[in-house]
Amino acid sequence: MRNIFLITGEPRVGKSTLVKNLISRFNQEYFYGLITEEVTENSQRIGFTTVLLSRYAKQIASKHWAENKMGNYGVDIAAIDQIAQDLLHMESVFGKHILIIDEIGPMQVLSDEYGKIVEALLESSSALIIGTIYKGTDNKIINAVKDKYSDCIHLLIRDNREHIEVFLTAEIEKYLKLNIA
């Protein structure tokens with residue numbers, strides 16, 4: 001089986017922080033893809049920004065936006081479409097490096113483009129893939145990914161964060177030895 005590791009867990013358990021910790025342990029040039037970060041105002045989460053590693057950051061959701069509501073947030077589907085296209089372009093440039101997909105979540109898959117590109121990358125990428133995936137079960141696209149890659153999913157809880165980080169660090173080290181000179 002290809003090297004795919006999908007991290008799931010409750011909101012704010014540390015999925016994105018785990019991914020950032022992994023990136024910081026290694027040369028950042030080995031990584032491409034995207035990370036989702038919270039946007040805060042007065043210490044309150046008001047939205048999300050997606051950061052394309054080594055490229056740019058683009059806000060994708062805000063409590064202040066009225067369009068395409070997902071819970072308390074308005075979602076910028078056009079921004080997610082653009083991020084998906086850029087992610088696909090990055091795959092063609094970076095190839096066998098380590099692909100980060102943070103996150104496969106309900107906001108992101110409001111974009112059909114994002115869902116299709118993520119599914120294609122999971123199916124065909126030669127990269128080691130580390131992703132985060134929404135824990136809920138109320139989305140057809142997310143459920144299809146979970147069903148297809150069920151043996152690649154790791155549940156993150158507070159008690160196993162360190163263990164999963166050590167495990168993924170070892171997997172990255174193995175991959176780099178085999179694929180990056």
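Which residue in E4 is the bridge partner of Val51? In this predicted model, that partner is Ala57. The pair belongs to a wider pattern. Strand E3 and strand E4 (residues 56-62) run antiparallel, joined by 6 bridges. They form a hairpin with 3 residues between them. In the turn, Ser54 has a positive phi of about 65 degrees.

Now look at E3 from its other partner. Strand E2 (residues 31-41) also runs antiparallel to E3, and 8 bridges join the two. This is a hairpin too, with 2 residues between the strands. Its turn holds Asn42, which has a positive phi of about 55 degrees.

Thr50 lies within E3, which spans residues 44-52. Its bridge makes a pair with Thr36. Thr50 has a relative accessible area of 3%, so it counts as buried. Its contacts farther off in sequence include Leu34, Tyr56, Ile60 and Ile83.

Step back to the whole sheet. It is open and has 9 strands, in the order E5-E6-E4-E3-E2-E7-E8-E1-E9, with mixed pairing. Strands E5 (69-70) and E9 (153-155) stand at the edges; each has a single partner strand, so one side of each lacks a neighbour in the sheet. Strand E1 (residues 4-8) pairs with strand E8 (residues 128-133) in the parallel sense, over 4 bridges. There, Phe5 stands opposite Ile130.

Helices pack on this sheet. Helix H1 (residues 15-25) touches E1, E2, E7 and E8, and its direction makes about 135 degrees with that of E2. Helix H2 (residues 77-94) touches E2, E3, E4, E6 and E7. The direction of H2 makes about 145 degrees with that of E4.

Notes:
Residues numbered from 1 in each chain as written. Predicted model: local features only at pLDDT ≥ 70, side-chain atom pairs only at ≥ 80, totals over all residues. Heavy atoms only, no water. Buried < 20%, exposed > 50% of the residue type's maximum accessible area, 1.4 Å probe, protein only. Contact = heavy atoms within 4.5 Å. Pairing = 2+ DSSP bridges. Axes fitted to C-alpha atoms, helices over the stretch in contact; angles between N-to-C directions. Lists of a residue's contacts leave out its neighbours within four places in sequence.
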